[in-house]
Amino acid sequence: MKLDAPVPGRPCWVELGTPDLDAAKRFYTELFGWRPERDPRQEAGGYTVAHLGEEAVAALAPLYQESQPCAWNVSFAVSDADVTARLLTEAGGTVLVGPMDVFDLGRFVVALDPGGAAFQLWQAVSFPGAGLFDEPGSLGWVDLLTRDPAPAEAFYSIVFGWTVRSSEDYVHWGVGGVDFGGMVRMDEKYPPEVPPHWLPYFVVAELDASVATALDAGATALVEPTKAPDGPRFAVLRDPQGAVFGLYEPCEADGENGQNGAGE
């Protein structure tokens with residue numbers, strides 16, 4: 001698996017909506033070594049971009065609406081947000097916000113898939129998205145967790161043209177011959193109140209050490225460090241404010257064709 005640049009149809013950005021922005025900045029800076037920079041424009045509402053070195057890798061922001069959950073949100077790159085918004089509506093999805101311009105940075109859409117999982121579209125203008133993928137502290141994989149995989153598979157194949165590789169328990173999503181994520185069926189282990197959602201995984205050099213750092217900083221382990229079948233070791237955590245995210249430590253078998261998923 002190799003995410004090396006934002007390209008249409010693939011994840012290009014992740015952003016956290018949190019009720020305590022300062023606490024979230026402290027937590028993720030300690031965990032990943034991020035350098036947060038707040039957008040000084042009043043209209044940005046505290047939007048903060050996290051960097052590794054000089055590269056933007058993610059964003060953290062306050063909750064802008066009372067109904068907004070504390071959660072990580074995944075954006076997918078598109079060449080035309082308006083066209084893709086119409087296509088996803090025709091395919092059974094719902095547009096919640098946009099299409100709208102974000103300063104001179106790009107054009108933005110918030111949507112729900114047919115199962116209710118939220119995701120975002122990003123049409124780049126001056127800001128293409130993350131400048132680093134698949135390196136420690138950056139995004140390396142995304143999973144869709146849903147209770148009804150068949151409509152989800154059809155929906156995303158139509159909207160983004162993703163390739164699909166299915167096994168008994170897991171579906172791999174791909175673009176251009178490279179897998180970037182997958183789909184997990186939510187079974188009885190998931191409480192009814194947990195909605196379908198996209199889950200980002202951040203790469204770490206040493207999984208056990210990173211999990212220990214997160215737990216010491218107030219996180220909760222939802223999935224302890226474990227080995228995916230024929231894949232990497234991974235863990236799923238809830239940060240101190242309640243947002244869920246994944247960590248994974250690439251294995252030697254990970255390569256250019258993306259044969260191994262974090263959440264298998």
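**A guided tour, starting at Ala 117**

Select Ala 117 in this predicted model and show what surrounds it: leaving aside neighbours within four places in sequence, Ala 117 is in contact with Ala 111, Leu 112, Leu 144, Tyr 156, Pro 196, His 197 and Trp 198. Ala 117 has its place in the loop between strand E7 (106-112) and strand E8 (118-124). With a relative accessibility of 0%, Ala 117 counts as buried, because buried means under 20%. Now add Leu 144 to the selection, which is 27 residues away from Ala 117 in sequence, while the two C-alpha atoms are 7.9 Å apart in space.

From the loop, move on to strand E8 and select strand E5 (residues 71-77) together with it. E5 and E8 run parallel and are joined by three bridges, and in E8 you can find Trp 122 as the bridge partner of Ala 77. Is strand E5 largely enclosed or open to the outside? Five of its seven residues are buried, so E5 is largely enclosed by the rest of the structure. Next, select strand E1 (residues 11-18), which pairs with E5 in the antiparallel sense over six bridges; here Pro 11 stands opposite Phe 76 in E5.

The next stop is another sheet. Select strands E9 to E16, which form an open sheet of eight strands in the order E10-E11-E12-E9-E13-E16-E15-E14, with mixed pairing. Its edge strands are E10 (163-166) and E14 (220-227), each of which pairs on one side only. Neighbouring strands of this sheet are turned by 25° against each other on average, if direction is ignored.

Walk inward from the edge strand E14 and select strand E15 (residues 233-238), which runs antiparallel to E14 and is joined to it by five bridges; Lys 227 has Arg 233 in E15 as its bridge partner. Add strand E16 (244-249), which runs antiparallel to E15 and is joined to it by six bridges. In the hairpin of E15 and E16 there are five residues between the strands, and Gly 242 takes a positive phi near 115°.

Which residue of E16 is the bridge partner of Ala 235? The partner is Leu 247, and Leu 247 also stands opposite Phe 202. Selecting strand E13 (residues 197-203) shows three bridges to E16, with the two strands running parallel.

Finally, select helix H4 (residues 207-216), which lies across E14, E15 and E16 and runs at about 10° to E15.

Definitions and conventions: Residues are numbered from 1 along each chain as its sequence is written. This is a predicted model: local features need pLDDT of at least 70, side-chain atom pairs count only at pLDDT 80 or more; totals for chains, interfaces and linings use all residues. Side-chain values use heavy atoms; hydrogens and water are left out. Two strands pair if DSSP finds at least two bridges between them. Helices (H or I, at least four residues) and strands (E, at least two) are DSSP runs, numbered from the N terminus. Axes are lines fitted to C-alpha atoms, for helices over the stretch in contact, and angles run from 0 to 180 degrees between N-to-C directions. Contact means heavy atoms within 4.5 Å. Buried means under 20% relative accessible area, exposed over 50%, partly exposed in between (1.4 Å probe, protein chains only).
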